[in-house]
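Welcome, and thanks for taking a look at this one. Here is a short tour of the ligand site and a handful of backbone and side-chain details.

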Amino acid sequence: MELFQLVEEVKEKIAKVKNLAELREIEVEILGRKGKISLFLKGLKKIKALEERRRKGKEINEAKSFLTELIRRKEEILARQLEEEILKKEEIDISQPGIKPRKGHLHLITKTIWQIEEIFKKMGFAVADGPEIETPYYNFDALNIPENHPARDLWDTFWLKKKNYLLRTHTSPVQIRYMEKKNPPLRIIAPGKVFRYEATDASHEIQFHQIEGLMVDKKVSLGNFKAIIKEFFNEFFSEETDIRFRPSYFPFTEPSVEIDIKPKKTDKWLEIMGAGMVHPKVLANVKINPLEWTGFAFGAGIERLIMIKYNIPDIRLFYKGDLRFIRQF
Ligand code: FA5
């Protein structure tokens with residue numbers, strides 16, 4: 001093959017090359033140590049005439065420089081193409097509308113519990129909690145509700161297969177657990193989940209939340225309770241809220257009251273919590289001397305508080321997991 005033929009052939013090949021790997025193959029084939037140009041150079045030895053050898057040698061070197069330059073340029077073009085391809089893949093269309101991933105948020109019940117805790121903390125209350133699985137002793141007996149007492153019917157519960165365990169029907173057992181460990185004076189609130197074996201309707205769920213409150217000190221009275229609970233409602237509803245005490249009955253408080261509230265935006269009295277002065281027998285059960293100490297306790301339904309605050313008509317909405325409901329708060 002003549003040198004000019006080789007040059008022509010290589011020019012054509014290079015024109016068709018699609019990527020850097022192919023180009024590299026051609027480079028080795030032509031310009032490599034054992035490549036075609038080397039063969040031409042070796043062939044020079046056979047030419048005897050000096051003049052002729054020089055001329056041929058010059059021709060070969062020129063062809064070599066030409067092809068080297070050709071390959072270099074092609075290399076540049078291919079490298080730029082590659083870069084453009086990569087950039088295209090990573091391209092961001094800045095004219096697209098922004099897509100912000102929707103962040104989750106705390107459930108309304110959790111948020112409300114935290115808010116209630118803040119209000120009571122400011123009044124010197126600590127936050128306590130207790131187990132959702134309870135023994136009948138803490139849920140009933142220690143609260144002065146002995147077996148066969150008709151009041152047990154008020155709190156029909158779920159019993160666990162493992163005998164003598166139940167799902168607590170109220171947060172009141174936390175009172176007992178706390179007073180067993182701590183001596184008065186004490187002020188606590190205890191929010192948490194409770195369970196009742198009963199039919200559901202717009203204001204009753206089988207699972208809901210309560211917040212328990214307990215204050216034991218020297219000479220604590222219902223008057224103290226009224227002041228504290230009024231302060232709580234004013235803060236919680238962010239407005240002056242009327243409250244009313246009605247006589248009631250709980251085995252663990254004496255006297256017992258039911259508390260109704262009337263927020264400004266409604267003109268109805270709404271029942272919201274049970275409360276009373278801690279029964280002397282309950283104090284005695286946890287070895288606190290009822291002649292020396294007195295206390296009040298209360299238990300409110302958290303969903304009911306939220307329903308009033310946000311005008312939610314049905315308690316079952318809290319547990320449906322419907323995002324249209326959840327995202328509103
Ligand atoms: C009790 O559970 C008492 N432990 C409260 C108490 C505590 C009294 C300390 C005295 C001293 P009661 O069963 O009334 O009481 O429930 C208290 C509140 O829980 C009710 O006022 C209501 O707001 C809420 N509640 C009761 N049952 C349900 C239910 N099925 N679904 C939603 N909320 C409920």
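A polar contact here is a pair of N or O atoms within 3.5 Å; within protein, one atom must be able to donate a hydrogen and the other to accept it, and residues adjacent in sequence count only if both atoms are side-chain atoms. By that rule, the side chains of Arg-324 and Asp-322 make a polar contact of 2.8 Å. Please keep in mind that this is a predicted model. The points below start with the ligand and then move out to the helices, the loops and the unusual backbone geometry.

**The ligand and its surroundings**

- The ligand occupies the largest pocket.
- There are 25 residues around the ligand, and those that come nearest are His-170, Ser-172, Arg-196, Glu-198 and Glu-205.
- Sorted by class, the shell is made up of 10 nonpolar, 10 polar and five charged residues.
- Three strands each give at least two residues to this shell: S5 (207–217), S8 (270–278) and S9 (294–301).
- On the nitrogen side of the ligand's chemistry, one of its nitrogen atoms is 2.9 Å from an N or O atom in the side chain of Ser-172.
- An oxygen atom of the ligand lies 3.0 Å from an N or O atom in the side chain of Gln-210.
- With Ile-272 the partner is in the backbone: a polar backbone atom of this residue is 3.2 Å from an oxygen atom of the ligand.
- The ligand taken alone exposes 680 Å², and the protein buries 94% of that.

**Ser-172, a closer look**

- Where does Ser-172 sit in the fold? Ser-172 belongs to the loop between S3 and H7.
- Ser-172 has a relative accessibility of 3%, so it counts as buried, the limit for that class being under 20%.
- Between the C-alpha atoms of Ser-172 and Leu-186 there are 15 Å, with the two residues 14 apart along the chain.

**Gln-175 and helix H7**

- Helix H7 spans residues 173–181 and includes Gln-175.
- Is Gln-175 buried or exposed? Its relative accessible area is 2%, which means that Gln-175 is buried.
- The side chain of Gln-175 makes a polar contact of 2.6 Å with the side chain of Glu-212.

**Helix H10 and the residue after it**

- Helix H10 (residues 302–310) is largely enclosed by the rest of the structure, because seven of its nine residues are buried.
- Those buried residues are Ile-302, Glu-303, Leu-305, Ile-306, Met-307, Ile-308 and Lys-309.
- Asn-311 follows H10 and is part of the loop between H10 and helix H11 (323–326).
- Although Asn-311 is a residue other than glycine, its phi is positive, near 55 degrees.
- Asn-311 has 59% relative accessibility, so it counts as exposed.

**Another positive phi: Asn-144**

- Asn-144 is not a glycine, yet its phi is positive at about 70 degrees.
- The loop between helix H6 (136–139) and strand S3 (166–167) holds Asn-144.
- With a relative accessibility of 17%, Asn-144 counts as buried.

**Cis peptide bonds**

- Pro-184 and Pro-185 are linked by a cis peptide bond with omega near 5 degrees.
- Pro-185 lies in the loop between H7 and strand S4 (186–195).
- The peptide bond between Glu-254 and Pro-255 is also cis, with omega about -5 degrees.
- Pro-255 is placed in strand S7 (residues 253–262).

**Arg-324 and Lys-121**

- Arg-324 is in helix H11, and its relative accessible area of 68% makes this residue exposed.
- Arg-324 and Gln-96 are 228 residues apart along the chain, and 27 Å separate their C-alpha atoms.
- Lys-121 is part of helix H5 (residues 108–122).
- How does Lys-121 count in terms of accessibility? At 42%, Lys-121 is partly exposed.
- The C-alpha atoms of Lys-121 and Ile-47 are 106 Å apart, while the two residues are 74 residues apart along the chain.

How values were computed. Residues numbered from 1 in each chain as written. Predicted model: local features only at pLDDT ≥ 70, side-chain atom pairs only at ≥ 80, totals over all residues. Heavy atoms only, no water. Helix = DSSP H or I, 4+ residues; strand = E, 2+ residues; numbered from the N terminus. Buried < 20%, exposed > 50% of the residue type's maximum accessible area, 1.4 Å probe, protein only. Near = heavy atom within 4 Å. Areas by Shrake-Rupley, 256 points an atom, 1.4 Å probe, with all protein chains shown as cover. 1 Å grid on protein atoms, 1.4 Å probe; cavity = no way out; pocket = protein on both sides within 12 Å on 5 of 7 lines; lining within 4 Å. Sits in = over half its atoms within 2 Å of the grid points. Nonpolar A, V, L, I, M, F, W, Y, C, P; charged D, E, K, R; others polar.
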